[in-house]
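Here are some exercises to work through with the model open in your viewer. Try each one yourself before you read the solution.

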Amino acid sequence: MFLVAIASVLFAGTATAAPLIAKFIDDVEVSEIVPGADALGELRTDIPVYETRRGGEVSGYIFLTSDFVTTTGYSGKPIHVVMGVDRQGRITGVKLVKHSEPIVLIGIPESAIRAVTEKYAGLDLVAEAQSGGSGHDLDIVSGATVTIMVIDDSIVRAGLQVARRLGLGGLEPPMAQSGPVRQLMRPDSGEIVPSDWQQLSGDGSIRTLQLDIGQVNKAFEEAGDARAIKRPERGAADETFINMQLALVSVQEIGRTLLGADEHANLESWLKEGEHAILVLGRGKYSFKGSGYVRGGIFDRIQLIQRDNSVRFFDRMHRRLGRLAPADAPTFSELDLFKIPAGSGFDPAEPFRLQLLVQRAVGAIEKSFITFDLGYRAPDRYLENIQQSASAEAGDGATEAAPVSDLDALSHLWKRIWWQKRIEVAVLIAAIGILTGVFFFQMQMTRNERFVYWFRIAFLTFTLVVLGWYANAQLSVVNVLAFLNAAMTDFSWSAFLMDPLIFILWFSVAASLLFWGRGVFCGWLCPFGALQELTNKIARYFRVPQITVPWGLHERLWPIKYMIFLGLFGLSLYSLEMAERYAEIEPFKTAIILKFQRAWPFVLFVVVLLAAGLFIERFYCRYLCPLGAALSIPARLRMFDWLKRYRECGNPCQRCSNECMVQAIHPDGNINPNECHQCLHCQVLYQSKTKCPVVIKLHAKRARNLKAAGIDPGPAPSPQLVEAANTALTKPETGLGQNRR
C-alpha cells in the first residue's frame with residue numbers, strides 16, 4: 001500500500017463529468033469577458049456555456065476552451081482560457097485563467113502572453129469559418145511559440161464550435177449529412193497490390209506544397225512586418241525553400257506502396273483501432289520539424305486542421321522513416337510518420353490540411369511568422385459509402401461500434417508510449433538493475449576503492465546526461481505535493497503510466513525507501529545531485545579548497561530543507577498552483593529540464609548553488625532540497641541497516657565521519673539515514689587495509705600471529721602505518737583521521 005501511495009505521486013488530475021467552466025467562472029468579471037453585460041445567467045444544460053445578459057436580454061456567451069477542444073501545451077497539461085462571444089459571432093473578450101507552461105510561468109513575462117490573448121477580442125468567427133480558421137494573423141511571442149500556437153488554436157476552434165452549435169452570426173449548427181456518408185474503403189481479403197510513386201502523385205494520393213525563396217520573401221512582404229522584410233531569405237528567387245509532400249499512409253494501398261511490406265506491417269502494429277497516420281516528406285532549406293520536438297517533444301511548425309478540429313503532433317506520435325519503397329520515388333532529407341489519435345475527431349474521408357509555420361529571425365531572440373497550407377483529400381477510389389456497406393451487412397447482425405472514450409484512449413495511449421520508448425525503458429531498467437546488484441552485494445563491490453570511484457563517476461555521468469539532459473527524468477517535490485493534494489481523489493493509472501521513465505523511477509524510489517532509505521535516489525539517480533557532485537570533483541581536481549562545516553552549525557542547517565518542504569506542503573493545501581510556483585526553489589527545472597534556457601535570475605540562482613557546491617560538496621542537497629526532505633519522512637520505514645560499522649567507529653575513530661561527503665555520520669559514529677546518500681565510501685573505508693585504523697591493527701595482529709607460527713604472512717602493514725592507526729584510535733583528531741579524500 002505504501003508502494004502504491006508513493007507511485008501515485010505523479011497523478012493529480014481526475015476525470016469529471018462537470019464542465020470545467022464552472023470552476024473558473026468566478027475568476028473573471030462578466031463585463032471583462034462580454035463588455036456591457038450586467039448579469040450572468042445559468043449554465044446551459046445542452047452546452048457548457050453561460051449566457052450573459054444586458055437589460056434582461058441575452059448579450060453574449062462565456063465558456064472555457066478546454067470544455068470544447070484539446071488545449072495541451074508545452075508542459076503536457078491543459079491551458080485553460082475563458083472567452084466570450086456575442087450573438088453576431090464575434091469574440092468579445094479572452095482571459096488566460098490557468099496554465100502550467102514553464103516558459104510562460106517564469107521565462108517570459110505573464111503580461112506578454114496576456115497582451116497576445118487580449119488581441120483576440122473583436123475576431124470575427126464567421127470570417128474564420130469561411131477561411132477554415134486561418135483568417136487572422138498569428139502573433140507569436142518569441143520563446144513561447146508552442147504555447148501561443150496552442151492558445152490561438154484553442155480560442156479559434158472552441159469559438160467556432162460554440163458559434164456553430166448556437167447558430168451565432170448565421171453559422172449553421174452541425175447537422176447530420178442528408179446524403180450518403182463515406183469512409184475509407186476496407187481492404188479486400190486478398191493481397192494488396194502496390195502501385196508506384198508516379199501513379200500516387202498523379203491521382204492525388206500524394207499532395208505537394210512547393211515554396212521557393214521568392215515566394216516566401218513576398219509572403220513576408222505582404223504580411224507587413226518591416227523587421228522581417230529587412231531580413232529576406234538569402235538565395236536565388238527560384239531556389240527551393242521547402243518541398244513538402246503529404247500522404248495518408250493509413251490507406252492500405254498508399255501505405256503499402258510508399259513504405260514497403262515490412263514498414264507497412266510495422267505501421268499497422270503501431271496504429272490501434274480508430275487511429276490514422278500521415279507521411280510527411282521534406283527537402284530544401286527549411287525543415288518542417290524544427291527543433292521544438294527535441295527540446296520539448298512537440299512539433300511546433302506543423303499542425304493538421306480539419307474543419308474546427310486540429311491535431312498537434314508530439315514525439316510519442318512520431319516515427320522516422322529510413323527510405324521510400326518505390327524505385328521511382330525522389331529523394332528527401334526528411335521522411336517522418338505522424339500518428340493521428342483516435343479521439344481527435346479526424347475523418348480520413350473528409351478534406352484536411354497540414355499547416356506549415358514559417359519563421360524568420362527579426363532580432364537576437366525575436367521571430368516573425370507566416371503560415372502556408374498543404375491541402376489534402378483522399379481520392380475517391382479509396383472511399384466507400386457507409387450506408388451501402390451497412391445495408392450489405394444488415395443480415396450479419398453487425399452493430400455500430402461504441403465511440404472511444406477519453407479514458408479508453410488514455411489506456412491505449414500509455415501502452416503505445418511504453419512500446420515507443422522501449423529502448424529508453426530497457427536502458428533505465430538495466431541501470432537500476434545494476435545499481436540494485438551493487439547495493440545487495442555492496443561488501444564485495446566496495447573492496448576495491450579505485451573501482452568504486454570510477455564506477456560512481458560513470459554512473460553519475462549516466463544519470464546527469466542520459467536521465468537528466470536527454471530524457472528529462474528528474475523527479476520533483478511538485479510530484480509529492482500533487483499526490484498529497486489529490487490523496488482524497490480517484491487515481492487513473494492510465495494517466496499515471498503516460499511517462500514510463502518517471503513511473504519506473506518513482507517505483508524504484510518506493511522500493512529503495514523500504515530497503516535502504518532515500519539515499520539511493522538522492523545519491524545515485526538524481527540528475528541535479530549528480531551535477532553537483534561531478535562539478536565538485538572537478539573543483540577538487542583543480543585544488544579548490546574545501547570547507548568543512550562545523551558539526552554544530554551543520555546540525556542546525558540541515559533542518560532548513562524540512563522547513564521548506566513543510567512550508568510548500570502547507571501552501572499546497574491552500575493553492576497547489578501557488579505551491580508549484582514557490583517550488584522554484586528547486587533548481588531542477590532550470591538546470592536539467594530546460595538546460596539553463598531560462599531568464600537570467602533563475603540561471604543565476606542555479607549558478608550560485610553550484611558555486612557553493614564547489615566548496616561544500618552537495619551544498620543544495622544537504623541544506624535546501626525539499627524533495628530530499630519529503631523522501632526522508634517515509635524512509636524511516638526502511639527494513640534494514642546495510643552499512644556496516646565497527647564499535648570503534650566514532651569512539652574514538654573519526655575517519656569515516658571526516659570523509660563523508662554530506663557529513664551524514666555523527667561524531668559518535670552513528671550514520672543518520674535521513675541524510676546519508678549511500679555513496680558507499682564508508683564501506684570502502686570499512687574494508688581498507690591502508691586507511692581504516694581498525695582493519696590496519698587487525699591485519700598487523702594477524703601478520704604477527706602467522707609469523708610467530710612460522711607461516712609467511714605476506715604483505716603486512718608498515719610500522720609507520722600501524723603507529724598512525726594506533727594514534728587515530730587514541731587521538732582521533734590526529735593521524736589517519738585527519739586525512740581527506
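**Exercise 1. A tryptophan and its neighbours**

Which residues does tryptophan 524 touch, not counting residues up to four places away in sequence?

Solution. Keep in mind that you're looking at a predicted model.
- Step 1: pick out the contacts with lower numbers, which are Leu435, Phe439, Phe455, Arg456, Phe459, Leu460, Thr463 and Gly519.
- Step 2: add His677, Gln678, Cys679 and Leu680 to finish the list for tryptophan 524.
- Step 3: place the residue in its surroundings. Trp524 is among the residues with the most contacts inside the largest nonpolar core, which has 75 residues. Leu475, Trp506, Phe521, Leu525, Phe528 and Leu627 are the others named for having the most contacts there.
- Step 4: look for the main contributor. Helix α20, residues 500-515, gives the most to this core, with 8 residues.
- Step 5: check for a second core. Another one lies apart from it, made of 62 residues that include Trp197, Tyr286, Phe338 and Ile340.

As background, nonpolar side chains tend to be buried together in soluble globular proteins.

**Exercise 2. A serine in a loop**

Work out where serine 476 sits and what its side chain does.

Solution.
- Step 1: locate it. Serine 476 is in the loop that runs between α17 (449-470) and α18 (477-485).
- Step 2: decide whether it's buried. Its relative accessible area is 14%, and the cut-off for buried is under 20%, so serine 476 counts as buried.
- Step 3: find the polar partners. The side chain of serine 476 makes a polar contact with the side chain of glutamate 586, at 2.6 Å. A polar atom of the serine 476 side chain also lies 3.1 Å from the backbone nitrogen of valine 478.
- Step 4: list its contacts beyond four places in sequence. For serine 476 these are Trp506, Glu586, Phe588 and Leu627.

**Exercise 3. A nonpolar patch on the outside**

Which helix gives the most to the nonpolar surface patch?

Solution.
- Step 1: collect the members. The patch is formed by Ile423, Val427, Val465, Val466, Trp469 and Tyr470, with about 550 Å² of accessible area together.
- Step 2: sort them by element. α15 (422-440) and α17 are the elements that give two or more residues.
- Step 3: pick the main giver. That's α17, with 4 residues.
- Step 4: zoom in on one member. Valine 427 lies in helix α15, and at 39% relative accessibility valine 427 counts as partly exposed.

**Exercise 4. Salt bridges**

How many salt bridges does the structure hold? Then take a closer look at a few.

Solution.
- Step 1: get the total, which is 19.
- Step 2: try aspartate 336 and lysine 289, whose side chains meet in a salt bridge at 3.2 Å, N to O. Aspartate 336 is in strand β13 (residues 334-340) and lysine 289 is in the loop between β9 (276-283) and α12 (292-296), so this pair ties together parts 47 residues apart in sequence. Aspartate 336 counts as buried at 1% relative accessibility, and lysine 289 counts as buried at 8%.
- Step 3: go on to glutamate 449 and lysine 691, with their closest N and O atoms 2.8 Å apart. This pair links distant parts of the chain, 242 residues apart: glutamate 449 is in helix α17, while lysine 691 is in the loop between α31 (681-686) and α32 (693-708). Glutamate 449 is partly exposed, at 31%.
- Step 4: look for a network. Arg44, Asp46, Glu51 and Arg53 are linked in one. Within this group, glutamate 51 bridges to arginine 53 at 3.1 Å. Glutamate 51 is buried at 15%, whereas arginine 53 is partly exposed at 29%.

**Exercise 5. An enclosed helix and some backbone oddities**

Why is helix α29 described as largely enclosed by the rest of the structure?

Solution.
- Step 1: count. In α29 (residues 626-635), 9 of the 10 residues are buried, so the helix is largely enclosed. Among them are Leu627, Gly628, Leu631 and Pro634.
- Step 2: follow the chain into the loop between α29 and α30 (655-659), where proline 652 sits. A cis peptide bond joins asparagine 651 and proline 652, with omega about 15°.
- Step 3: check phi. Arginine 618 isn't a glycine, yet its phi is positive, near 50°. Leucine 680 also has a positive phi, about 70°, and it lies in the loop between α30 and α31.
- Step 4: check burial. Arginine 618 counts as buried at 0% relative accessibility, and leucine 680 counts as buried at 3%.

Conventions: Residues are numbered from 1 along each chain as its sequence is written. This is a predicted model: local features need pLDDT of at least 70, side-chain atom pairs count only at pLDDT 80 or more; totals for chains, interfaces and linings use all residues. Side-chain values use heavy atoms; hydrogens and water are left out. A nonpolar core is a set of buried Ala, Val, Leu, Ile, Met, Phe, Trp, Tyr and Cys residues joined through side-chain atoms within 4.5 Å. Buried means under 20% relative accessible area, exposed over 50%, partly exposed in between (1.4 Å probe, protein chains only). Contact means heavy atoms within 4.5 Å. A polar contact is a pair of N or O atoms within 3.5 Å; within protein, one must be able to donate a hydrogen and the other to accept it, and residues adjacent in sequence count only if both atoms are side-chain atoms. Patches are made of residues with over 30% relative accessible area and no salt bridge: like charges are joined within 9 Å, nonpolar side chains (Val, Leu, Ile, Met, Phe, Trp, Tyr) within 5 Å. Accessible areas come from the Shrake-Rupley method with a 1.4 Å probe; for residues, only the protein chains shown count as cover. A salt bridge is a side-chain nitrogen of Lys or Arg within 4 Å of a carboxyl oxygen of Asp or Glu.
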